[in-house]
There are 2 protein chains.
Amino acid sequence: MLNFSKKIEYGLIALRYIALIGDGNIVTAKEISDKYKISYELLAKVLQKLAKAGIINSFYGVNGGYTLAKSPEKIKLSEVILALEGKSNISIVTCNSDQPESCTIFDRCTIKTPLNKIQSVINNMFSEISISEIL
Amino acid sequence: MLNFSKKIEYGLIALRYIALIGDGNIVTAKEISDKYKISYELLAKVLQKLAKAGIINSFYGVNGGYTLAKSPEKIKLSEVILALEGKSNISIVTCNSDQPESCTIFDRCTIKTPLNKIQSVINNMFSEISISEIL
DNA sequence: TAAAAATGGACTAAAATAGTCGTATATAAA
DNA sequence: TTTATATACGACTATTTTAGTCCATTTTTA
(Lines give C-alpha, C1' and ligand atoms only; values in the text may rest on other atoms or scores of the structure.)
Protein backbone atom coordinates (compact mmCIF):
# COMPACT_ATOMS: atom_id res chain seq x y z
CA MET A 1 0.00 0.00 0.00
CA LEU A 2 0.94 3.64 -0.43
CA ASN A 3 3.21 2.69 -3.31
CA PHE A 4 3.57 4.82 -6.38
CA SER A 5 2.48 2.83 -9.41
CA LYS A 6 4.83 1.96 -12.25
CA LYS A 7 2.97 4.56 -14.28
CA ILE A 8 4.10 7.24 -11.86
CA GLU A 9 7.63 5.89 -11.64
CA TYR A 10 7.98 5.67 -15.40
CA GLY A 11 6.42 9.10 -15.79
CA LEU A 12 8.90 10.67 -13.39
CA ILE A 13 11.85 8.88 -14.96
CA ALA A 14 10.71 10.02 -18.40
CA LEU A 15 10.13 13.62 -17.35
CA ARG A 16 13.55 13.72 -15.77
CA TYR A 17 15.09 12.29 -18.92
CA ILE A 18 13.29 14.73 -21.20
CA ALA A 19 14.29 17.63 -18.98
CA LEU A 20 17.93 16.67 -18.50
CA ILE A 21 19.00 14.71 -21.53
CA GLY A 22 16.50 16.27 -23.92
CA ASP A 23 17.06 19.78 -22.65
CA GLY A 24 14.93 21.36 -25.38
CA ASN A 25 15.60 18.69 -28.01
CA ILE A 26 13.04 16.12 -28.96
CA VAL A 27 13.20 12.75 -27.18
CA THR A 28 11.39 9.61 -28.37
CA ALA A 29 9.57 7.05 -26.28
CA LYS A 30 11.79 4.36 -27.74
CA GLU A 31 14.93 6.18 -26.64
CA ILE A 32 13.73 6.26 -23.04
CA SER A 33 12.44 2.68 -23.00
CA ASP A 34 15.75 1.45 -24.45
CA LYS A 35 17.79 3.45 -21.98
CA TYR A 36 15.95 2.18 -18.92
CA LYS A 37 14.89 -1.16 -20.40
CA ILE A 38 11.26 -0.62 -19.52
CA SER A 39 8.23 -1.68 -21.56
CA TYR A 40 7.94 0.56 -24.61
CA GLU A 41 4.16 0.20 -24.86
CA LEU A 42 3.62 1.07 -21.22
CA LEU A 43 5.95 4.03 -21.34
CA ALA A 44 4.32 5.21 -24.56
CA LYS A 45 0.95 5.31 -22.84
CA VAL A 46 2.37 7.20 -19.92
CA LEU A 47 3.84 9.77 -22.29
CA GLN A 48 0.54 10.03 -24.14
CA LYS A 49 -1.23 10.85 -20.91
CA LEU A 50 1.36 13.43 -19.95
CA ALA A 51 0.96 14.99 -23.40
CA LYS A 52 -2.81 15.05 -23.10
CA ALA A 53 -2.49 16.79 -19.75
CA GLY A 54 -0.30 19.47 -21.32
CA ILE A 55 2.78 18.54 -19.33
CA ILE A 56 4.79 17.59 -22.41
CA ASN A 57 4.47 18.42 -26.11
CA SER A 58 4.20 15.60 -28.60
CA PHE A 59 5.32 15.56 -32.22
CA TYR A 60 4.16 12.99 -34.75
CA GLY A 61 6.15 11.36 -37.51
CA VAL A 62 9.81 10.97 -38.36
CA ASN A 63 11.92 13.02 -35.97
CA GLY A 64 8.89 13.22 -33.75
CA GLY A 65 8.88 12.69 -30.01
CA TYR A 66 8.42 14.75 -26.88
CA THR A 67 9.63 17.90 -25.22
CA LEU A 68 8.62 19.49 -21.92
CA ALA A 69 5.67 21.85 -22.34
CA LYS A 70 6.85 24.03 -19.47
CA SER A 71 9.84 24.49 -17.23
CA PRO A 72 10.54 21.73 -14.69
CA GLU A 73 9.87 24.11 -11.79
CA LYS A 74 6.33 24.54 -13.02
CA ILE A 75 5.56 20.83 -13.31
CA LYS A 76 4.24 19.77 -9.94
CA LEU A 77 4.14 16.19 -8.72
CA SER A 78 0.42 16.55 -8.10
CA GLU A 79 -0.16 17.33 -11.78
CA VAL A 80 1.79 14.28 -12.86
CA ILE A 81 -0.08 12.00 -10.49
CA LEU A 82 -3.41 13.45 -11.58
CA ALA A 83 -2.54 13.07 -15.25
CA LEU A 84 -1.49 9.45 -14.86
CA GLU A 85 -3.90 8.13 -12.24
CA GLY A 86 -6.97 10.27 -12.52
CA LYS A 87 -8.66 12.14 -9.73
CA SER A 88 -10.24 9.21 -7.98
CA ASN A 89 -7.04 7.40 -7.28
CA ILE A 90 -5.06 9.85 -5.23
CA SER A 91 -6.74 9.60 -1.87
CA ILE A 92 -5.66 7.48 1.05
CA VAL A 93 -9.20 6.38 1.80
CA THR A 94 -11.96 5.40 -0.57
CA CYS A 95 -14.36 7.76 1.13
CA ASN A 96 -12.48 10.81 -0.07
CA SER A 97 -12.57 9.81 -3.67
CA ASP A 98 -14.96 10.63 -6.46
CA GLN A 99 -17.27 7.75 -5.65
CA PRO A 100 -18.14 7.75 -1.95
CA GLU A 101 -20.79 5.17 -2.83
CA SER A 102 -17.97 2.77 -3.65
CA CYS A 103 -17.16 2.58 0.05
CA THR A 104 -19.23 -0.18 1.58
CA ILE A 105 -19.30 1.32 5.06
CA PHE A 106 -19.51 5.01 4.11
CA ASP A 107 -22.37 5.94 6.42
CA ARG A 108 -20.97 3.98 9.34
CA CYS A 109 -17.37 5.05 8.82
CA THR A 110 -15.97 7.05 11.68
CA ILE A 111 -12.52 7.82 10.44
CA LYS A 112 -13.08 9.68 7.18
CA THR A 113 -13.18 13.11 8.74
CA PRO A 114 -9.95 12.84 10.72
CA LEU A 115 -8.20 11.17 7.81
CA ASN A 116 -8.92 14.16 5.60
CA LYS A 117 -6.30 15.98 7.62
CA ILE A 118 -3.68 13.43 6.64
CA GLN A 119 -4.90 13.67 3.08
CA SER A 120 -4.36 17.44 2.99
CA VAL A 121 -0.83 17.13 4.25
CA ILE A 122 -0.05 14.65 1.48
CA ASN A 123 -1.81 16.75 -1.14
CA ASN A 124 0.01 19.90 -0.10
CA MET A 125 3.32 18.14 -0.29
CA PHE A 126 2.59 16.79 -3.75
CA SER A 127 1.52 20.17 -5.05
CA GLU A 128 4.63 21.82 -3.69
CA ILE A 129 7.17 19.38 -5.07
CA SER A 130 8.16 20.04 -8.68
CA ILE A 131 9.99 18.00 -11.25
CA SER A 132 13.01 20.27 -10.87
CA GLU A 133 13.48 18.73 -7.45
CA ILE A 134 14.00 15.27 -8.84
CA LEU A 135 16.57 16.26 -11.46
CA MET B 1 -2.62 4.11 -5.71
CA LEU B 2 -1.68 5.66 -2.40
CA ASN B 3 -4.79 4.20 -0.84
CA PHE B 4 -4.85 2.86 2.66
CA SER B 5 -5.81 -0.80 2.59
CA LYS B 6 -8.98 -2.11 4.20
CA LYS B 7 -6.74 -3.60 6.87
CA ILE B 8 -5.62 -0.12 7.85
CA GLU B 9 -9.12 1.31 7.63
CA TYR B 10 -10.60 -1.47 9.73
CA GLY B 11 -7.71 -1.20 12.16
CA LEU B 12 -8.27 2.50 12.67
CA ILE B 13 -12.02 2.10 12.99
CA ALA B 14 -11.50 -0.67 15.55
CA LEU B 15 -8.93 1.26 17.56
CA ARG B 16 -11.23 4.24 17.65
CA TYR B 17 -14.11 2.04 18.79
CA ILE B 18 -12.06 0.35 21.50
CA ALA B 19 -10.79 3.70 22.72
CA LEU B 20 -14.10 5.55 22.68
CA ILE B 21 -16.83 3.00 23.22
CA GLY B 22 -14.72 0.51 25.12
CA ASP B 23 -13.03 3.14 27.26
CA GLY B 24 -11.30 0.58 29.46
CA ASN B 25 -13.93 -2.13 29.10
CA ILE B 26 -13.39 -5.19 26.96
CA VAL B 27 -14.69 -5.06 23.38
CA THR B 28 -15.13 -8.13 21.16
CA ALA B 29 -14.31 -8.47 17.48
CA LYS B 30 -17.89 -9.50 16.83
CA GLU B 31 -19.23 -6.36 18.46
CA ILE B 32 -17.17 -4.18 16.12
CA SER B 33 -17.88 -6.20 12.98
CA ASP B 34 -21.61 -6.11 13.75
CA LYS B 35 -21.58 -2.42 14.43
CA TYR B 36 -19.83 -1.51 11.19
CA LYS B 37 -21.05 -4.49 9.17
CA ILE B 38 -17.56 -5.47 8.09
CA SER B 39 -16.19 -8.98 7.64
CA TYR B 40 -15.73 -10.58 11.05
CA GLU B 41 -12.86 -12.81 9.92
CA LEU B 42 -10.95 -9.94 8.36
CA LEU B 43 -11.43 -7.70 11.34
CA ALA B 44 -10.43 -10.54 13.66
CA LYS B 45 -7.12 -10.90 11.84
CA VAL B 46 -6.53 -7.19 12.00
CA LEU B 47 -7.12 -7.23 15.74
CA GLN B 48 -4.83 -10.23 16.14
CA LYS B 49 -2.04 -8.34 14.44
CA LEU B 50 -2.61 -5.27 16.55
CA ALA B 51 -2.49 -7.50 19.65
CA LYS B 52 0.73 -9.17 18.51
CA ALA B 53 2.28 -5.74 18.01
CA GLY B 54 1.38 -4.78 21.57
CA ILE B 55 -1.04 -2.07 20.53
CA ILE B 56 -4.03 -3.77 22.11
CA ASN B 57 -4.42 -6.45 24.81
CA SER B 58 -6.31 -9.59 23.97
CA PHE B 59 -8.28 -11.80 26.34
CA TYR B 60 -9.33 -15.36 25.51
CA GLY B 61 -12.57 -17.11 26.34
CA VAL B 62 -15.98 -16.10 27.57
CA ASN B 63 -16.03 -12.38 28.33
CA GLY B 64 -12.82 -12.11 26.37
CA GLY B 65 -12.02 -9.43 23.82
CA TYR B 66 -9.70 -6.47 23.48
CA THR B 67 -8.64 -3.33 25.28
CA LEU B 68 -6.06 -0.71 24.32
CA ALA B 69 -2.60 -1.59 25.59
CA LYS B 70 -1.64 2.06 25.93
CA SER B 71 -3.22 5.48 25.82
CA PRO B 72 -4.45 6.69 22.41
CA GLU B 73 -1.88 9.51 22.39
CA LYS B 74 0.87 6.93 22.48
CA ILE B 75 -0.43 4.86 19.58
CA LYS B 76 1.08 6.36 16.44
CA LEU B 77 -0.28 5.83 12.96
CA SER B 78 3.13 4.55 11.86
CA GLU B 79 2.93 1.74 14.44
CA VAL B 80 -0.50 0.71 13.24
CA ILE B 81 0.58 0.67 9.60
CA LEU B 82 3.70 -1.28 10.44
CA ALA B 83 1.76 -3.80 12.50
CA LEU B 84 -0.79 -4.39 9.78
CA GLU B 85 1.25 -4.11 6.58
CA GLY B 86 4.77 -5.04 7.55
CA LYS B 87 7.86 -2.99 6.91
CA SER B 88 8.17 -3.58 3.21
CA ASN B 89 4.84 -2.13 2.29
CA ILE B 90 5.06 1.41 3.52
CA SER B 91 7.25 3.02 0.90
CA ILE B 92 6.09 4.98 -2.11
CA VAL B 93 8.63 3.35 -4.40
CA THR B 94 9.73 -0.26 -4.55
CA CYS B 95 13.37 0.79 -4.39
CA ASN B 96 13.00 2.01 -0.82
CA SER B 97 11.57 -1.18 0.45
CA ASP B 98 13.15 -4.22 2.00
CA GLN B 99 13.82 -5.87 -1.33
CA PRO B 100 15.57 -3.45 -3.71
CA GLU B 101 16.24 -6.46 -5.92
CA SER B 102 12.51 -6.66 -6.55
CA CYS B 103 12.76 -3.48 -8.59
CA THR B 104 13.50 -4.41 -12.18
CA ILE B 105 15.26 -1.16 -13.04
CA PHE B 106 17.03 -0.56 -9.73
CA ASP B 107 20.48 0.17 -11.14
CA ARG B 108 19.13 2.35 -13.93
CA CYS B 109 16.57 4.16 -11.80
CA THR B 110 17.23 7.86 -11.48
CA ILE B 111 14.45 8.91 -9.20
CA LYS B 112 14.93 6.85 -6.06
CA THR B 113 17.19 9.34 -4.34
CA PRO B 114 14.95 12.38 -4.78
CA LEU B 115 11.90 10.37 -3.89
CA ASN B 116 13.40 9.48 -0.52
CA LYS B 117 12.71 13.06 0.45
CA ILE B 118 9.02 12.60 -0.20
CA GLN B 119 9.16 9.34 1.70
CA SER B 120 10.60 11.02 4.80
CA VAL B 121 7.89 13.64 4.83
CA ILE B 122 5.26 10.93 4.73
CA ASN B 123 7.03 8.85 7.36
CA ASN B 124 7.41 11.81 9.69
CA MET B 125 3.76 12.65 9.36
CA PHE B 126 2.70 9.09 10.13
CA SER B 127 4.92 8.87 13.18
CA GLU B 128 3.58 12.14 14.53
CA ILE B 129 -0.11 11.42 14.14
CA SER B 130 -1.63 9.41 17.00
CA ILE B 131 -4.88 7.57 17.41
CA SER B 132 -6.11 10.30 19.76
CA GLU B 133 -6.27 12.55 16.74
CA ILE B 134 -8.84 10.39 15.00
CA LEU B 135 -11.18 10.10 17.98
C1' DT C 1 5.58 6.29 -51.00
C1' DA C 2 8.17 4.29 -47.18
C1' DA C 3 9.78 4.68 -42.69
C1' DA C 4 9.41 6.50 -38.15
C1' DA C 5 6.94 8.07 -34.62
C1' DA C 6 2.78 9.02 -31.71
C1' DT C 7 -2.31 7.47 -30.65
C1' DG C 8 -5.49 4.52 -28.74
C1' DG C 9 -8.48 0.51 -27.98
C1' DA C 10 -8.80 -4.34 -26.72
C1' DC C 11 -6.92 -7.90 -24.57
C1' DT C 12 -4.08 -10.98 -21.25
C1' DA C 13 -1.11 -11.84 -17.31
C1' DA C 14 0.40 -11.13 -12.86
C1' DA C 15 0.22 -9.37 -8.40
C1' DA C 16 -1.97 -7.47 -4.54
C1' DT C 17 -5.99 -7.14 -1.80
C1' DA C 18 -10.09 -8.73 0.22
C1' DG C 19 -12.68 -12.20 1.94
C1' DT C 20 -13.84 -17.14 3.50
C1' DC C 21 -13.34 -21.53 5.86
C1' DG C 22 -11.91 -24.76 9.12
C1' DT C 23 -9.70 -25.96 13.17
C1' DA C 24 -7.22 -25.26 17.43
C1' DT C 25 -6.70 -23.08 21.90
C1' DA C 26 -7.99 -20.74 26.10
C1' DT C 27 -11.25 -19.24 29.59
C1' DA C 28 -15.39 -18.43 32.31
C1' DA C 29 -19.56 -19.90 33.87
C1' DA C 30 -23.07 -23.30 34.61
C1' DT D 1 -16.22 -31.15 33.98
C1' DT D 2 -18.81 -29.78 30.25
C1' DT D 3 -20.46 -26.13 27.31
C1' DA D 4 -20.43 -21.80 25.27
C1' DT D 5 -17.75 -17.99 23.88
C1' DA D 6 -13.93 -15.81 22.40
C1' DT D 7 -9.22 -15.32 20.30
C1' DA D 8 -5.43 -17.51 17.11
C1' DC D 9 -3.94 -18.89 12.85
C1' DG D 10 -3.06 -21.31 8.55
C1' DA D 11 -4.92 -22.49 4.04
C1' DC D 12 -7.63 -21.39 0.54
C1' DT D 13 -10.56 -18.68 -2.98
C1' DA D 14 -12.33 -14.62 -5.16
C1' DT D 15 -11.96 -10.08 -6.62
C1' DT D 16 -9.73 -6.06 -7.99
C1' DT D 17 -5.93 -3.53 -9.43
C1' DT D 18 -1.80 -3.09 -11.82
C1' DA D 19 1.29 -4.30 -15.34
C1' DG D 20 2.16 -5.62 -19.71
C1' DT D 21 1.11 -6.99 -24.69
C1' DC D 22 -0.84 -6.69 -29.26
C1' DC D 23 -2.55 -4.53 -33.15
C1' DA D 24 -4.36 -1.23 -36.15
C1' DT D 25 -4.47 3.89 -37.09
C1' DT D 26 -2.79 8.58 -37.81
C1' DT D 27 0.68 11.94 -38.82
C1' DT D 28 4.89 13.62 -40.57
C1' DT D 29 9.39 13.76 -42.87
C1' DA D 30 12.64 12.29 -46.14
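# Two protein chains and two DNA strands

Guide: In this predicted model, 28 residues surround DNA strand D, and the closest are A:Lys6, A:Leu42, B:Tyr40, B:Lys45 and B:Ser58.

Visitor: Which part of strand D comes within 4 Å of the protein, and what share is sugar and phosphate?

Guide: Sugar and phosphate make up 64% of the atoms of DNA strand D that lie within 4 Å of the protein.

Visitor: Where does B:Ser58 touch strand D?

Guide: An N or O atom in the side chain of B:Ser58 is 2.8 Å from a phosphate oxygen of DNA strand D. In the side chain of B:Tyr60, an N or O atom is 3.4 Å from a sugar or linking oxygen of that strand.

Visitor: And what does A:Gly61 do with a base oxygen there?

Guide: A backbone N or O atom of A:Gly61 lies 3.4 Å from a base oxygen of DNA strand D.

Visitor: Which elements give two or more residues to that surface?

Guide: Chain A provides α1 (6-22) and α3 (40-52), while chain B provides α3, β1 (56-59) and β2 (65-68). The element that gives the most is α3(B), with four residues.

Visitor: How does the surface near strand D divide by class?

Guide: The surface near DNA strand D has eleven nonpolar, eleven polar and six charged residues.

Visitor: Let us turn to strand C. How many residues surround it?

Guide: DNA strand C is surrounded by 27 residues, the closest being A:Lys45, A:Ser58, A:Tyr66, B:Lys6 and B:Leu42. Among the atoms of strand C within 4 Å of the protein, 62% belong to sugar or phosphate and the rest to bases.

Visitor: Which side chains lie by phosphate oxygens of strand C?

Guide: A:Ser58 has a polar side-chain atom 2.8 Å from a phosphate oxygen of DNA strand C. An N or O atom in the side chain of A:Tyr66 is 2.8 Å from a phosphate oxygen of the strand. From chain B, a polar side-chain atom of B:Ser39 lies 3.4 Å from a phosphate oxygen of strand C.

Visitor: Which elements supply at least two residues here?

Guide: They are α3, β1 (56-59) and β2 (65-68) of chain A, together with α1 and α3 of chain B. By class, the surface near DNA strand C has eleven nonpolar, eleven polar and five charged residues.

Visitor: What rotation superposes chain B on chain A?

Guide: A rotation of 180° with 0.0 Å of shift along its axis does so, with an RMSD of 0.1 Å. That is the relation of a two-fold axis. In chain B, the C-alpha nearest the axis belongs to B:Leu2, 1.9 Å from it.

Visitor: Why can one say that the copies meet through the same surface?

Guide: Because 100% of the interface residues of chain B are also interface residues in chain A.

Visitor: What about a single chain: how many helices and strands are in chain A?

Guide: Chain A has five helices and two strands, which follow the pattern α-α-α-β-β-α-α along the sequence. Its C-alpha atoms fill a box of roughly 55 × 25 × 25 Å along the principal axes.

Visitor: At what angle do α1 and α3 of chain B pack?

Guide: Helix α1 (residues 6-22) and helix α3 (residues 40-52) of chain B pack at about 70°, with their axes 9 Å apart. That makes α1(B) roughly perpendicular to α3(B).

Visitor: Which residues make that contact?

Guide: From α1(B) they are B:Lys7, B:Tyr10, B:Gly11, B:Ala14, B:Leu15 and B:Ile18. From α3(B) they are B:Leu42, B:Leu43, B:Val46, B:Leu47, B:Lys49 and B:Leu50. By class, this contact of α1(B) with α3(B) has nine nonpolar, one polar and two charged residues.

Conventions: Residues numbered from 1 in each chain as written. Chains lettered and ligands numbered in written order. Predicted model: local features only at pLDDT ≥ 70, side-chain atom pairs only at ≥ 80, totals over all residues. Heavy atoms only, no water. Axes fitted to C-alpha atoms, helices over the stretch in contact; angles between N-to-C directions. Parallel < 35°, antiparallel > 145°, perpendicular 65-115°, else oblique. Contact = heavy atoms within 4.5 Å. Nonpolar A, V, L, I, M, F, W, Y, C, P; charged D, E, K, R; others polar. Least-squares fit on C-alpha atoms with pLDDT ≥ 70 in both. Near = heavy atom within 4 Å. Polar contact = N/O pair within 3.5 Å; in protein donor to acceptor, adjacent residues only side chain to side chain.
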